[in-house]
Amino acid sequence: MCNADESEPGTFKDRVLMEGDPFSVIEAMTIAGYAIGARTGYLYIRGEYPRALRHLENAITLARGRGLLGPDVLGSGFAFDIEIRRGAGAYICGEETAIFGSIEGQRGEPRSKPPFPVEKGLFGKPTAVNNVETLVNVLPILLMGGPAYAAVGTDQSTGPKLFCLSGGVRRPGLYELPFGATLRDLVEAAGGMPEGRTIQAVLLGGAAGAFVRGDELDIPLTFEGARAAGTTLGSGVVLVLDDTADLVATLVRVAAFFRDESCGQCVPCRVGTVRQEESLLRIRGGGDPESEVALLREVGRAMKDASICGLGQTAWNAVESAIDRLGLFEESETEEAR
Amino acid sequence: MTVPVLLAPPRRLIDATIDGEQVRVPEGTTVLEACSGMGTDIPTLCYGDTLTPRNACRVCVVEVEGARTLVPACSRKLEPGMSVATDSERVRHSRKMVLELLGSSVDLSTTPQVDEWMERYDAEPDRFGPRAEAAALGVRDARHAGDHEPGDGSVAETVEQPVKVDNDLYVRDYSKCIMCYKCVDACGDQWQNTFAIGVAGRGFDARISTEHDVTLPDSACVYCGNCIEVCPTGALSFRTEFDMRQAGTWDEEKQSETTTVCTYCGVGCNVTLHVQENEIVKVTSPHDNPVTHGNLCIKGRFGFQHVQRRGDG
Ligand code: SF4
Ligand code: SF4
Ligand code: SF4
Ligand code: FES
């Protein structure tokens, strides 16, 4: 199963891959199917990607015509074909088990794990779920060989990585850097900040990710580096907020997003995201930041601990990091923010 | 002739630790089952003894050593060597928050045991602010996924709305609904296979609905009442119970329960008649009955009026 739902706000790497080189996705899925002995690959693509869909459909048709997909791939006796399924706009359907429900014709709701997808996934069968970038990485590994691929990047984060850079930099876009480059390298690759602008904060990992300060650009962009710095790379989103950005408004928007996108299955997330948004709205309206932050922490902790899936578990990350790292809602900050 | 008795294959015994105590249970036992075996009380709301766990409410969470998040006791199976804490600070915090989040958004006045749990976990559902005004009938049912009016946070959003009374047999008071999915599962492929109700909407606007929100008489509902049987909050209730509660005459102290056999057909379902002042006020069915598991059809569930026609009309 290729997860091409790519719904994390600020992520667009899979879209670029699918629109730019749809054959690489097909080739990678075929190889993955061969490796695990699957006969059918499902490609679940987000509904808002009509162009990627067209390119993929065309590529699949051509690949079938050339015998690259079908009952006898390249005369090898291996049968493999790809079916495309389109999402209908729900963020949650990018979750690795909600995607199964969506394809099976059920509600797109995450399932409790265990059982994990590799034991019981789509239609109850063992399923390997990976996103487009991960699958496409199979190709250079096969071409270059494992050791050569692993030589790129760091010990624990190998290979090149795509970063979806957006926000106040001069040239936002998709950047491929070896793992291990720092946040500063990335911002510089994008031409730095425009004249007179400074970085207030950077949101790493999208809405489900966490903020770092503008003076923390030396964080290495690796899994272990981000973890050591107490943040996450997530899906590779790097959203740069310059000094003019309204952080409180950004947080309120993130909270509204999670409230809208919660599937509604479990209580901590379904109601917790509502209470989180209400509390932030109260702060914005002049409420007492101290008591609201205490309340946010309690709600956030339960969402993180007791929610079924990653959505609820990370719905408070951005807010938490804004409080703890950026010092937002400390008395003086709040005055400014208003 | 002797009939062979089918026995399940023997199950391996596994050792685990719950709250520091060694337990030995058959493989496949859930944390909840093991806990009830040792007398440890775990609150549950969405768990149903006749249904597959949905893990939706999260009030039953426990802490498994080494796990990143808490896990639901109702569905998590014990594994060899697992160490479980059922009353750690983390567990108490999440249970308290689940109760507060539910209490602040749902009317839990007819949910059994919830007051006791609120007290046990020091839950204060009122601290999210005054409750928002109830929505008018149909407003929640018309909401679209992915969009909402943010407001200013001065009131705590709730699911409250007027009661749906659209037939003579049972009412749906979704102000009391905690979205446990039990009614949907009972109506759907786990028992009734009627699929009259399902979940509509997303997030906080998720709700139980008939197809296109039609009234029950216009829906596929066959009035088996199996959804009422499993509803843990009183959101679904007999019309008789609802009317008596409205009139202030509902009094469980005065009720007796008699389990007997349904007189309608040859299946022989067990029915439990709840009788108050010599009137049948509702009918349930024992969940441990090996044939029906608490399920009935419309006749056993609602067809009791003739019993109390006493020749006065
Ligand atoms: S955490 Fe949120 S999105 Fe995930 S299952 Fe629970 S309600 Fe649904
Ligand atoms: S009464 Fe029976 S058919 Fe009707 S909604 Fe309830 S479970 Fe479904
Ligand atoms: S109506 Fe009752 S059984 Fe159905 S989801 Fe709501 S609380 Fe659960
Ligand atoms: S009772 Fe276990 S999650 Fe609801």
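**Exercise 1. Is A:Leu74 buried or exposed, judged by relative accessibility?**

*Solution.* The structure is a predicted model, and the reasoning starts from the position of the residue in its chain. A:Leu74 sits in the loop that runs between α3 (50–65) and β3 (81–86) of chain A. The next step is to compare its relative accessibility, 64%, with the cut-off for exposed residues, which is over 50%; A:Leu74 therefore counts as exposed. Its backbone deserves a separate remark, since phi of A:Leu74 is near 55 degrees, a positive value in a residue other than glycine. As background, most residues other than glycine have a negative phi.

**Exercise 2. Determine how B:Lys176 and B:Pro10 are classed by accessibility, and describe the surroundings of each.**

*Solution.* Begin with B:Lys176, which is found in the loop between β6 (170–172) and α4 (182–187) of chain B. Its relative accessibility is 11%, and because buried means under 20%, B:Lys176 counts as buried. Leaving aside residues up to four places away in sequence, B:Lys176 touches B:Val106, B:Asp107, B:Ser109, B:Thr110, B:Thr233, B:Gly234 and B:Ala235.

Then turn to B:Pro10, in the segment before β1 (13–18) of chain B. With a relative accessibility of 82%, B:Pro10 counts as exposed. Its C-alpha atom is separated by 9.7 Å from that of B:Glu27, although the two residues are 17 residues apart along the chain.

**Exercise 3. Describe the shells around ligand 2 and ligand 3 by residue class.**

*Solution.* For ligand 3, the shell holds 13 residues, and the closest are B:Cys177, B:Cys180, B:Cys183, B:Cys231 and B:Thr233. Sorted by class, this shell has 12 nonpolar residues, 1 polar residue and no charged residues.

For ligand 2, the surrounding residues include B:Cys187, B:Cys221, B:Cys224 and B:Cys227, together with B:Tyr170 and B:Thr194. Here the division is 8 nonpolar, 2 polar and no charged residues.

**Exercise 4. Which residues of the largest nonpolar core touch the most other members?**

*Solution.* The core has 108 residues, and those touching the most other members are A:Met1, A:Phe211, A:Phe258, A:Phe329, B:Tyr170 and B:Ile208. Helix α10 (residues 247–261) of chain A gives the most to this core, contributing 8 residues. A second, separate core of 28 residues includes A:Met29, A:Leu56, A:Phe78 and A:Ile84. To see one member of the largest core in detail, consider A:Phe211, whose contacts, not counting residues up to four places away in sequence, include A:Leu203, A:Leu241, A:Leu251, A:Ala318 and A:Leu326.

**Exercise 5. Work out how β7(B) and β8(B) are arranged, and which way the side chains of β8(B) point.**

*Solution.* Strand β7 (residues 197–200) of chain B pairs with β8(B) in the antiparallel sense over 4 bridges, and B:Ala200 stands opposite B:Arg207 in β8(B). The two strands form a hairpin with 6 residues between them, and B:Gly201 in the turn has a positive phi of about 75 degrees. Along β8 (residues 207–210), B:Arg207 and B:Ser209 point one way while B:Ile208 and B:Thr210 point the other way, and all are buried. This can be set beside the general rule that in a regular strand the side chains alternate between the two faces of the sheet.

**Exercise 6. Locate where cis peptide bonds join A:Lys113, A:Pro114 and A:Pro115.**

*Solution.* One cis bond joins A:Lys113 and A:Pro114, with omega about -5 degrees. Another joins A:Pro114 and A:Pro115, with omega about 0 degrees. A:Pro114 is placed in the loop between α4 (98–104) and β4 (130–131) of chain A, and A:Pro115 also lies in the loop between α4 and β4.

Conventions. Residues numbered from 1 in each chain as written. Chains lettered and ligands numbered in written order. Predicted model: local features only at pLDDT ≥ 70, side-chain atom pairs only at ≥ 80, totals over all residues. Heavy atoms only, no water. Near = heavy atom within 4 Å. Nonpolar A, V, L, I, M, F, W, Y, C, P; charged D, E, K, R; others polar. Core = buried A, V, L, I, M, F, W, Y, C linked by side-chain atoms within 4.5 Å. Buried < 20%, exposed > 50% of the residue type's maximum accessible area, 1.4 Å probe, protein only. Contact = heavy atoms within 4.5 Å. Pairing = 2+ DSSP bridges.
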